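This report describes the sheet, the helices packed on it and a surface patch of one protein chain. The sequence and structure are displayed below.

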Amino acid sequence: MLEIALITIMLISIGFLAAALNPVWVIYKNQGSLGQGYAWKLLGVLIIVFILGYIIYSYSLLQSGIKHIDFVLIFILFSGSCFVLAVVKLSLISIKEIQKINLLERHHTLYDSLTNLPNRVLLNETMSGAIASAKRNKTALAIMLMDLNNFKEVNDTLGHYYGDRLLQCIVPTLKKEIREIDMISRLGGDEFAVILPDTDIEDARIIATRIIDAMKQPFAVDQHELNIGISIGIAQYPNDGIDGDSLLQKADVAMYIAKKNSLGYSVYDLNRDKNSIDKLIVLGKLRKAITNSLLTLYYQPIINLHSGKLYSLEVLTRWHDEELGNICPDDFIPFAERSGVIKQLSLWVLDNAVEQYMNWQKLKLDFVLSVNLSARDIQDETMINDLRVILSKHKMPPSQLNIEITENSMMHESDQSHHILSELNQLGISLSIDDFGTGFSSLAYLKKLSTQSIKIDKSFVIDMLDDCSDEVIVRSIIDIAHNLGQDIVAEGIETKECLERLKELNCSYGQGYYICKPLPQMEITSWLKENHKDID
Ligand code: C2E
Ligand code: MG
Ligand code: MG
């Protein structure tokens, strides 16, 4: 009886060892690729050897009968088999957990958490593969870049919750219009990209038209029916580029043109305009110009119209490219904003201009430095700290810095930008509304903003003497500014007559070609030395 019990324990032990073989095999197969398969293979072989040992020992028990020592041995062997089985099973569970975490992490790095679509990283990986395959098989390949038309308005008016929900809602519609082999990804914000393997331009046009039609339907987000259009830019391999970056850049240019001209979609066309800004961005020069400090700072004085004394120097960025010549900021700033390099540009401008300003302090002049920031900058919470760092690096008192933000950027103001503007104010930095009159600010809104001055847009000032309605606008803006307790600056003063008229209208400060054109640092330094007292 006792013999049977002990033999049964031995058989159970053998069963445990045999059961451990399967997890060892599974781990061996999984770990093989990581180079640790060898150890698990060895363990498997050892377990088989143990099993054989257990069988031989059990057989000897049957043959020679059970001695006292066998009780101890059988107990040790049973514990050993339990131990092997437990260790191997637990290892398998841990390895599976680690694999799950790895998969999840990979998912996080490759997929967008809001829409669960592939993100830019996976897009780049897939695009390299698609390009290689198109090259190998000599097949066509098209890339589409898509941007929603009224997304910002949805975000601004209904809030980010609805913006996010809308993005989630449109994904199934977009997916329905493309094929299984196409890959749609979200690049960020309301920007999506689609890789279309084996697709020539004509097919890409058909797909784009289908997507545009599908996006014409209103999307129901909770109780709201949202109408949102889409603009699409198309680029083609290899005509428009042989790598992912250049194809995306060109699709971006095409998308910009589609959006600007309300075309729905547009196919990249190198010959559209040899000098147009799209060519610049295509050549990737803007990013390089900013990173390699190829931009130059010009400075234009703003003076007190009544005393003629210098009030401020406005920093205006210039870009001269050897091949393309001079490119004005109105052309490259929007691209810097859209391609995400604006922050780098703004910080570069601030750092260099503040450094230069501190050099001018040796001239013992009392004036403020005016720097233009873009709408994007005032959405970015980290900007405040960056500004603080620059000011303390150059030991510039914040009260000597004035930030100009266009009326249009302020209009798209969100809680975030409102918060940033008041933080800047609290730091002691003054704020101006630039290009005033071109946007649609309400008076109540103006009152709410923590700005100190208003700059009348030059379009009203330049022709003020010939165009009565322009003068009426200028006069009204001056009155509004005075009533709101704001300083008023007129830009675009091109003649002495214009300057005199502005003085009569009680405009405090002015800037324009008549006073001084924007000049590079050396020339403006000479101008400061010669003219800073009186201008006539
Ligand atoms: P803004 O800030 O309104 O600057 C005034 C613009 O008017 C400048 O154009 C200046 O050269 C021009 N201007 C000044 N006086 C006269 C005049 O009497 N007649 C005429 N016709 N024009 C005059 P610019 O330098 O081409 O800059 C255009 C805009 O680009 C600027 O308008 C500003 O909004 C933006 N900008 C320039 N530099 C930067 C920068 O570093 N960062 C950002 N975010 N924007 C910048
Ligand atoms: Mg300005
Ligand atoms: Mg302006």
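Which helix provides the largest share of the nonpolar patch? In this predicted model, helix H3 (residues 68-110) does so, with six residues.

## Nonpolar surface patch

The patch consists of Leu2, Ile69, Phe71, Val72, Leu73, Phe75 and Ile76. Together these residues expose about 670 Å² of accessible area on the surface. Leu2 belongs to helix H1 (residues 2-31).

## Sheet architecture

An open sheet of five strands is present, with the order S2-S3-S1-S6-S7 and mixed pairing. Strand S2 (183-188) and strand S7 (265-267) occupy the edges; each has a single partner strand, so one side of each lacks a neighbour in the sheet. On average, neighbouring strands of this sheet are turned by 20 degrees against each other, direction ignored.

## Helices on the sheet

Helix H4 (residues 120-137) packs on the sheet and touches strand S1 (141-148), S2, strand S3 (191-197) and S6. The direction of H4 makes about 140 degrees with that of S2.

Helix H7 (residues 201-214) also packs on the sheet, where its contacts are with S1, S3, S6 and S7. Between the directions of H7 and S6 the angle is about 165 degrees.

## Strand S3 and its partners

Why is S3 described as largely enclosed by the rest of the structure? Six of its seven residues are buried, that is, under 20% relative accessible area, so S3 is largely enclosed.

S3 pairs with S1 in the antiparallel sense through seven bridges. Within this pairing, Leu145 stands opposite Ala193 of S3. The pairing of S3 with S2 is likewise antiparallel and comprises five bridges. Here Ser185 is the residue that stands opposite Ala193. Ala193 of S3 therefore has Leu145 opposite it and Ser185 opposite it.

S2 and S3 form a hairpin with two residues between them. Gly189, located in the turn, has a positive phi of about 50 degrees.

## The S6-S7 pairing

In which sense do S6 and S7 run, parallel or antiparallel? Strand S6 (residues 230-237) and S7 run parallel and are joined by three bridges. One bridge pairs Ile232 with Tyr265 in S7. S7 is one of the edge strands of the sheet, and H7 is in contact with both S6 and S7.

Note on methods: Residues are numbered from 1 along each chain as its sequence is written. Chains are lettered from A and ligands numbered from 1 in the order in which they are written. This is a predicted model: local features need pLDDT of at least 70, side-chain atom pairs count only at pLDDT 80 or more; totals for chains, interfaces and linings use all residues. Side-chain values use heavy atoms; hydrogens and water are left out. Patches are made of residues with over 30% relative accessible area and no salt bridge: like charges are joined within 9 Å, nonpolar side chains (Val, Leu, Ile, Met, Phe, Trp, Tyr) within 5 Å. Accessible areas come from the Shrake-Rupley method with a 1.4 Å probe; for residues, only the protein chains shown count as cover. A salt bridge is a side-chain nitrogen of Lys or Arg within 4 Å of a carboxyl oxygen of Asp or Glu. Helices (H or I, at least four residues) and strands (E, at least two) are DSSP runs, numbered from the N terminus. Two strands pair if DSSP finds at least two bridges between them. Axes are lines fitted to C-alpha atoms, for helices over the stretch in contact, and angles run from 0 to 180 degrees between N-to-C directions. Contact means heavy atoms within 4.5 Å. Buried means under 20% relative accessible area, exposed over 50%, partly exposed in between (1.4 Å probe, protein chains only).
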